[in-house]
Amino acid sequence: MTKDELMTLLQAYPNSPSLHFKLGLWYKSRGHNSEAMTHIRTALTHAHDDSRSLPHAESFDEAQGWLEYGRLLYACSRTEDAEEAFRRAINLGQHHRKTLAEWGALLYDAGKTDAEICRRLLEMVPLSDTTELQVGQTLADLGAYEEAFGILSRYTNDVRFNESLQLVYILCLIHTHQFKEAQARLTQRTMDPDKVVVKSASHSVTASHAAYLCCRALQDGRGLPELSRFNRLETAKSAIVLGMVDIGMSLQPEPSFHESSELIYTLYREGYVGQAKTLLNQLEGIPTHDRSQSSLDLCFIAAEMLYDQGDFAKAAELFESIYATDPSHSLARFAAASCFLEETRTSLDHRQERQVIGSDLYFQIDEYLTNITLALQIIQSTSWHTVWTPAQRRNLPAADRRRYVH
């Protein structure tokens, strides 16, 4: 439904929470957070109006409304208000995992320790075994593996400890270096060796690869069967996903260009930006005119790094080379546009600093800057830049962790 259609319907049904919510999401997608908050707040105000008076008898998910409202408040640095919104969503008994994850990430970004995050999340939910298990899973999603292990370990013999929880528990064991128990669970008869233990944006880890890596960690690589070149690369990528970066890199002491590209991609997508940059700098050159997916991925990562360093001109040049090679690469076009806008904003910022505050030119530049900022928010909503999970953001350089909040 278009904005005009929503506005027309709202004239006839001004108290419709579903229409206000949809309009709020429309504004959010265009970077107009203030207008988005106004309409979502209005939707929440009318959440309990008589549904018979609403158009098409459309329902409104109040818990989802509070969740979106909390995200917007958080984006506007209204942290305490965002926490209250997340609490309201939880109290409605829906979207527990989503809301707990949002709040947990907020607490982590605020500098809270994992122990404090665990305590605050447990306080947020109605206390029961089911909700405690949800908190345990959420803590694992956030990368707080020791606290997640502390909760999940109490339920390993519970009937509710299903395969999904078993896999989360195994991840906690690996990340807390309890490799012997992790290997035992990965090699038990009920575990299919081809079972995917964890699937990330960069790579899927099977039970057999995870078990091999646990064994390698326990035996320091001694007495293990030799891997084929292909399996070494796949196992190295699995090691990176499981946080065993040193072991992963030891499996590829002299990688080929293709192997280096794969490792850089995996390292970067898992948040190990520093290690990815080191390996990238060791390459003789970047394949700017190669249409293979691995080459395009490598170019995109190199361009993202330049963008994050503030070298927008070089980043734009590299992004342009990507869609010149592959015209269907729409994300590279969005990225290049973002570079040009950032360059313009930087130039205008410097120019405004030289103007008399309150002059006509000062206000004109200020208006341009506002429009550029809105345009950047719209482009960023396409998610052209790599988005890391809360757990992966822990692997970023410390100075960058807050910057890449999703």
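A residue counts as buried when its relative accessible area is under 20%. By that rule, buried residues make up 49% of the 406 residues in this chain. The model is predicted.

**The whole chain**

Start with everything shown as a cartoon. The chain holds 21 helices and two strands. Its C-alpha atoms fill a box of roughly 75 × 55 × 40 Å along the principal axes. Of the contacts with a separation of 6 or more, 57% are between residues 24 or more positions apart.

**The pair α2 and α3**

Select residues 17-29, which are helix α2, and residues 33-45, which are helix α3. Two packed helices are described by the angle between their axes and the distance between the axes. Here the axes come within 7 Å and cross at roughly 165°. Angles over 145 degrees count as roughly antiparallel, and α2 and α3 are therefore roughly antiparallel to each other. Their crossing is left-handed. Now show side chains. Among the α2 residues that meet α3 are Phe21, Leu25 and Lys28. On the α3 side, the residues include Glu35, His39 and Ile40.

**Helix α6**

Move to residues 96-109, helix α6. How far apart are its end C-alpha atoms? They are 20 Å apart, which agrees with the span expected for 14 residues at 1.5 Å a residue. Of these 14 residues, 11 are buried, so α6 is largely enclosed by the rest of the structure. The buried residues include His96, Glu102, Trp103, Tyr108 and Asp109. To see what covers them, add α4 (62-75), α5 (79-91), α7 (114-124), α8 (129-141) and α21 (390-393), which are among the covering elements. Then select Gly111, which follows α6 and has a positive phi, near 90°.

**The largest nonpolar core**

In soluble globular proteins, nonpolar side chains tend to be buried together. The largest nonpolar core in this model has 120 residues. Select Leu139, Ile174, Leu186, Leu242 and Phe319, the members that touch the most other members. Helix α17 (residues 293-308) gives the largest share of this core, 10 residues. Apart from this core lies another, of five residues, among them Leu348, Ile365, Ile372 and Leu376.

Go back to Leu139 and show its surroundings. Which residues is Leu139 in contact with, leaving aside neighbours within four places in sequence? They are Ile117, Cys118, Leu121, Ala144, Glu147, Ala148 and Ile151.

**Helix α15**

Select residues 257-269, helix α15. With 13 residues at 1.5 Å a residue, α15 should span 18 Å, and its end C-alpha atoms are 18 Å apart, which agrees. Its buried residues include Glu259, Ser260, Leu263, Tyr265 and Tyr268. Add α13 (229-241), α14 (245-250), α16 (273-281) and α17 to see what the buried residues of α15 pack against. Just after α15, select Gly271, which takes a positive phi of about 95°.

**Ser338**

Finish in helix α19 (residues 330-353), where Ser338 is found. Is Ser338 buried or exposed? Its relative accessible area is 0%, which means that Ser338 is buried. Leaving aside neighbours within four places in sequence, Ser338 is in contact with Tyr307, Leu376, Ile379 and Trp384. One of these, Leu376, also belongs to the five-residue core visited earlier.

Notes:
Residues numbered from 1 in each chain as written. Predicted model: local features only at pLDDT ≥ 70, side-chain atom pairs only at ≥ 80, totals over all residues. Heavy atoms only, no water. Core = buried A, V, L, I, M, F, W, Y, C linked by side-chain atoms within 4.5 Å. Buried < 20%, exposed > 50% of the residue type's maximum accessible area, 1.4 Å probe, protein only. Helix = DSSP H or I, 4+ residues; strand = E, 2+ residues; numbered from the N terminus. Contact = heavy atoms within 4.5 Å. Expected span 1.5 Å × (residues − 1). Axes fitted to C-alpha atoms, helices over the stretch in contact; angles between N-to-C directions. Parallel < 35°, antiparallel > 145°, perpendicular 65-115°, else oblique. Left-handed = near helix turned anticlockwise from the far one by under 90°.
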